[in-house]
Structures are given as structure tokens and as C-alpha cells.
Amino acid sequence: MAQALRLAERGLYTTDPNPRVGCVLVRDGEVVGSGWHQRAGGPHAEVLALQEAGDRAHGAIAYVTLEPCCHHGKTPPCSDALIQAGVQRVITAMEDPNPRVAGQGLAQLQQAGIEVETGLMQAQAEALNPGFTQRMRNGRPLVRCKLAMSLDGRTAMASGESKWITGAAARQHVHRLRARSSAIVTGIGTVLADDPALNVRLSDEEPEGGWRQPLRVVLDPNLSMPAHAQMLTLPGKTWVVTASRDPEQEDLLQQAGAEIVHLPAPGGFIDLPELMQELAHAQVNEVLVETGATLSGSMLRAGLIDELWIYMAPHLMGDSARGLFHLPGLDRMEQRIDLRIEDIRPVGQDWCIRARVHAQKAGD
């Protein structure tokens, strides 16, 4: 199963919106076939492993990181392929949280006389597909918020200048985070101030077919997005999410390549829970938020950020520089937002801190 998980990880940047899945076939103590899901629309891991094994798949044990699918999508059901190949036993790391499968694949295998077992290395399998799992179980994507700060917790000088807080190694690390994300969310303030590209730019060896560019999502309640914005000239889709109805401006943006998405904006701010539902409906698994303190603070207060990825640079920017989050109303210690540090590691000259946002307040 560990080998199957390593195979599945090879699809980290390419399988979206499908989950990353690996499969290893073992017969008489020997690996006779292996495969991993490489790209959405392509063969699934089980099919590739069966193709490699050929006749040796008969009587084999299949180790699969996710329950085999049992429905017709872009490819035929993997459960049928395993049955037809005559495997003896199927061991999965976890059940598929997709309601279209959700134990039905395992049940179909059992009905065909195949022994099944699930739960082997389940935690590792779920960690490989956190966004897919959360979208299927809770109806919204996994949301990560990326921030770069100085040692004294500042993200920009008082003037707004922020390039570059961190070094080149940290910036490349962020591009890998982008590459695994389904969508990148930012606010119109960031677009107007920095004109960001919000695309994947990596010098590493590219996967077959090139780097997949995540969906870019700009929250723009009043439709202030310039039609000449850099991101609109780049490969990949850009959503402009607005509450405004301005046919002329919408037409200009659509001609420039943007897709206009209308959502309510109570109080002048895009309805963030509605945004998450819209993204989930578009099969977005993992969201990366790259924006300023106001929008980041709003998402944090709304309970929509699951993880913080903070890149900390070894310098000081002073009292007048801008902070990480705009969080008005936190006046007492009991109102603190509790975090769980999961990983701290050096990235070049900087440090990357990964923390989960705890559901309860500190002191509860």
C-alpha cells in the first residue's frame, strides 16, 4: 500500500479534479503490475496496473489507495475491470467519499466473490486528497491561505511595497503550491495594486502536457477589473466574481477572456460561503488564497480557511508596516483564533510554517 501511495503522489499536479490514486497488483508475493491515475479523462490506476499485469492479474491481490469506482464517467468502472481480470482480493486504503461510489464499489466486488478489505494506511490516503475528500463530504473545497511576512509579522511596507519579502526558493515553493491547487482566489485590491499573473511558473521538469494552470478567481464586487489585466492574457481561465450588473464592462472583460460570475455581496463584500459553493459546483478541490489582509481576515472570520501557509523571512519591517490579517473586534485573549502548527521547515533563507485553523477559540 505504501508503494501504491507513492505512485498516487505522482499525480499531485495533474489529476485535478479527480483524486490521486495508485494501484499495485501482487501475486505469489511478487508485484506483477502497478499504475497511477495520471490525468483526468485518462485511464485510472487500476486499469493501468491490470494492463501491465496481463494474465498474471488472475488470482492477484490489488492494493488500491481509493475504493475502485463503480460508475461510468469519462472511463468505464474500475470495479468491472477488476472482476473481469479475476483478482482474488482487493485491499483499499479508504472508501471513496464520492456519493456515487461510497462503498458501492466494494459491495460490487464482494458480490462477485472477491475478498475486500479497507482502512489500510487510511490517514495517509486521505492526506493525499484533502480537497477532494472535503468537497465530497462537506460540500466545499479545502482552502489554504498563503502569506509572506517578515519576522515581525509584516506583509508590506506602509506604502504598500511588498516585493519581495521572501527569497527565490520560497517563491518557487509557492509555485508548487499553486500547481497542486484547483483555483487561486484574490481580491480586486490586489489586482489593482500589483497586477499579478497568478499562474504556475516552475523551472522544474514539466509533466507531460505542461503545468496545469489553476482557475484564477478575482473577487470584484463593483466590477473594477481592468480588461488589460495581465492574468487575462495568460493561459487558463479567470473568473471575475461580482455583484454588479454592468453589461458594457462585462462585455469588455468577456472579450478579454474573463468569465463573469454573479454572486450576492451583502455589505459590499462578496458572499464567501456562496463563493465556496460555486467553486465546489465547478469541481474545485483545493483553493489557494493569495490576497491582502482584508480579504484574508474576512475568510478567516467566516471559518473558511483550513490551512495557513506562512513564509517567514529573516528581516524586520517596522511598526508602520502592514500586518497579516485585518481582524477587527478581537479585544480579549479568549477571542484569539487558535492554530495547530503542523509543519515548520526551512525554504532557502526563509521558513515555511504550515498551520491548521482550529475550529474552537483558544481557551475553550
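**Close-up 1. The predicted model holds zero disulfides.** In this predicted model, the absence of a disulfide can be followed at Cys 145, whose nearest cysteine sulfur, that of Cys 352, lies 12 Å away. A pair of cysteine sulfur atoms counts as a disulfide within 2.5 Å, and Cys 145 is accordingly in no disulfide. Seen from the other residue, Cys 352 is likewise in no disulfide, with the sulfur of Cys 145 as the nearest cysteine sulfur at 12 Å.

**Close-up 2. The surroundings of Cys 145 and Cys 352 are shown in terms of accessibility.** Cys 145 counts as buried because its relative accessibility is 0%. Cys 352, with a relative accessibility of 2%, also counts as buried, the cut-off for this class being under 20% relative accessible area.

**Close-up 3. Helix 3 (residues 78-85) and helix 4 (residues 104-111) have axes that come within 9 Å of each other.** The two axes cross at roughly 20°, and helix 3 is therefore roughly parallel to helix 4, since angles under 35 degrees are placed in that class. The crossing in which helix 3 passes helix 4 is right-handed.

**Close-up 4. Residues of helix 3 meet residues of helix 4 in a contact of mixed character.** On the side of helix 3, the contact is made by Ser 79, Asp 80, Leu 82 and Ile 83, which meet Gly 105, Gln 108 and Leu 109 in helix 4. By residue class, the contact of helix 3 with helix 4 divides into three nonpolar, three polar and one charged residue.

Notes. Residues are numbered from 1 along each chain as its sequence is written. This is a predicted model: local features need pLDDT of at least 70, side-chain atom pairs count only at pLDDT 80 or more; totals for chains, interfaces and linings use all residues. Side-chain values use heavy atoms; hydrogens and water are left out. Axes are lines fitted to C-alpha atoms, for helices over the stretch in contact, and angles run from 0 to 180 degrees between N-to-C directions. Helices (H or I, at least four residues) and strands (E, at least two) are DSSP runs, numbered from the N terminus. Angles under 35 degrees count as roughly parallel, over 145 as roughly antiparallel, 65 to 115 as roughly perpendicular and the rest as oblique. A crossing is left-handed if the near helix is turned anticlockwise from the far one by less than a right angle, and right-handed if clockwise. Contact means heavy atoms within 4.5 Å. Ala, Val, Leu, Ile, Met, Phe, Trp, Tyr, Cys and Pro count as nonpolar, Asp, Glu, Lys and Arg as charged, and the others, Gly among them, as polar. Buried means under 20% relative accessible area, exposed over 50%, partly exposed in between (1.4 Å probe, protein chains only).
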